[in-house]
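Reader: I would like a close look at a single part of this model. Please walk me through the sheet and what surrounds it.

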Amino acid sequence: KVTEHPTYKIASIPADGIGPEVISAGITVLKKLASTLGTFNLEFENFDWSSDTYKKTGKYLPGNALQTLKKFDAILFGAVGAPDVPDHISLWGLRLAICQPLQQYANVRPTKIFRGTQSPLRNCTTGDLDWVIIRENSEGEYAGHGGRSHIGQAWETATEVSIFTRHGVERIMRFAFETASKRPKKHITVVTKSNAQRNGMVLWDLVAKEVAAEFPDVKVEKMLVDAMTTRMVLKPESIDTIVATNLHANILSDLAAALAGSIGIAPTSNLDPTRENPSMFEPIHGSALDIIGMGIANPVATFWTAVEMLKWLGEEKAANALLEAVENVCEKGIITKDLGGTATTAEVTNAVCDEIQRTL
Ligand code: ATP
C-alpha cells in the first residue's frame, strides 16, 4: 500500500542584507531533512520582495501579495532593512505589511543556550536559561496610530499612540497562558509598565488576572518591564514563559537572544493561532549590513526558525531531529564568529546536512 506523504507549500521571502544568505542555508537544510526522512515533502516558491524592489518600483509588495501568500502553508522570511531606506518605511512596507493583515497576532520567541555555545552570563549554561517570550504582534505601540503636525517648525509635534483593545489583549494573553500550561514549569511572567502607563497597561493587568483564572495550574507573576531586564540578567533560572506588549517584548527578546549567546541563533514565529492564514517564520536578527556577503552570517537562527515552522506544520519528529542536529554541530565547535568560532555559513550548513545524514 502506498502511503500519502503530506506536501507543505512554503513561500520564501529572503529580502534584504544577509536574508538571502541565511534563507538559502535554511532551505538547503530543510530539503536535506525532508529527503532523508522521506515522510513529508516541501515545495518552496521564492518571492523577491525586498528593499531593491521598493527602490525600483516604489512598492515592497505587489497588490495581490496577500492573496498569493494565503495559498501557502507557511512563510519563511529573511530580514528587511537597507541603508538607503528609512527603517520605518522598510519595516512597515514589508514585514508589518504581511504580519498585520494576515492576523499573525502571536509572536513567539524561544530562547535557550545551545550545547557548545557560551552565554555572556557567568555560570550560566545549557538548561539554566530556557524561556519563551510571547509578544503581542498586532497592536500596542506598533499600531501605527499617530501623526505629525507643524513639520519643520520649532513647535513641531508628533504623537505615537499605543492601541490596546480588550480583544487584542485577551487573545494574546490566552495564547500565552496556553503556551505556559504546556511547558513543564507552568510559570508565566506578565510584563507591563502599569505604574507609569495608566490606561493600556492597566487593561493589560486586568485581562491577565481574568485569563489567569481560566488556568489555575499556571503560576502567574507580574513584573514591570524595567525590573524584568535586571531579572533576566541576575536570576535567569527563575523565568519560563513571558508575555509582553509589542514594544516591550521586542526589546526583551533581543536581550534574551544576546544572553543566550548571540542574536545569530534566535528564531521568531509570527503565528495566526486560528490557522485561517499562513504563519510566518523568521530569524530574530535584522539584515546585518556590516557582514553582508562575507559568508560569516550565522545560519543557526534560520535553522531554529525552520524547526519552529516544522512544529507548527505538525512535523514534531522532524523538528526535534533538526534541532538535535544543529546542537550537535555547535557542540563539535563548528560555529560562526558571533559565537566565538571560525566556521563560515556554508561550513555550518554542510555540517548540519552531514549530521542529518549521519543520525537519521
Ligand atoms: P534590526 O533593526 O532589523 O533588528 P539591526 O541592524 O539593528 O537590525 P541586526 O541586523 O540584527 O540589527 O544586527 C545587529 C548585530 O548583530 C550586527 O553587528 C550584526 O552583524 C550581528 N548579527 C545579526 N545577525 C547575525 C547573524 N545571523 N550572524 C552573525 N552576526 C549577526
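Author: Start with the ligand, in what is a predicted model. By class, the shell around the ligand holds seven nonpolar residues, seven polar ones and two charged ones. That shell counts 16 residues in total, and those that come nearest are Gly-264, His-285, Gly-286, Ala-288 and Asn-298.

Now the sheet. It is open and has 10 strands. Their order is E2-E1-E3-E12-E11-E4-E5-E10-E8-E9, and the pairing is mixed. Strand E2 (41-46) and strand E9 (219-224) stand at the edges. Each has a single partner strand, so one side of each is left without a neighbour in the sheet. On average, neighbouring strands are turned by 25 degrees against each other, direction ignored.

Strand E11 deserves the closest look. E11 spans residues 267-271. In the strand order, E11 sits between E12 and E4. Take the E12 side. Strand E12 covers residues 279-283, and four bridges join E12 to E11. The two run antiparallel. Across this pair, Pro-267 stands opposite Pro-283 in E12. Now the E4 side. Strand E4 covers residues 106-112, and three bridges link E4 to E11. This pair also runs antiparallel. Here Val-108 stands opposite Ser-269 in E11.

How buried is E11? Five of its five residues are buried, and the strand is mostly covered. Its residues point two ways. Pro-267, Ser-269 and Leu-271 point one way from E11. Thr-268 and Asn-270 point the other way. Both sets are buried.

Next come the helices. Helix H5 (residues 166-182) lies across E4, strand E5 (130-136), strand E8 (187-192) and strand E10 (241-244). H5 runs at about 165 degrees to E5. Helix H7 (residues 225-234) packs on the sheet as well. H7 touches E8, E9 and E10, and its direction makes about 110 degrees with that of E9.

Finally, the core. The largest nonpolar core has 100 residues. Ile-75, Val-243 and Leu-322 touch the most other members. Follow Val-243. Leaving out residues up to four places away in sequence, Val-243 touches Ile-134, Ile-172, Met-173, Ala-176, Ile-188, Val-190 and Val-191. Val-243 belongs to E10, one of the strands that H5 lies across. Among its contacts, Ile-172, Met-173 and Ala-176 fall within H5. Ile-134 falls within E5. Ile-188, Val-190 and Val-191 fall within E8.

Notes. Residues are numbered from 1 along each chain as its sequence is written. This is a predicted model: local features need pLDDT of at least 70, side-chain atom pairs count only at pLDDT 80 or more; totals for chains, interfaces and linings use all residues. Two strands pair if DSSP finds at least two bridges between them. Axes are lines fitted to C-alpha atoms, for helices over the stretch in contact, and angles run from 0 to 180 degrees between N-to-C directions. Two residues are in contact if their C-beta atoms, placed from the backbone, lie within 7 Å. A residue is near a molecule or strand if its C-beta atom, placed from the backbone, lies within 6 Å of it. Ala, Val, Leu, Ile, Met, Phe, Trp, Tyr, Cys and Pro count as nonpolar, Asp, Glu, Lys and Arg as charged, and the others, Gly among them, as polar. A residue is buried if 20 or more other C-beta atoms lie within 10 Å of its own, exposed if 12 or fewer, and partly exposed in between; C-beta atoms are placed from the backbone. A nonpolar core is a set of buried Ala, Val, Leu, Ile, Met, Phe, Trp, Tyr and Cys residues joined through C-beta atoms within 7 Å.
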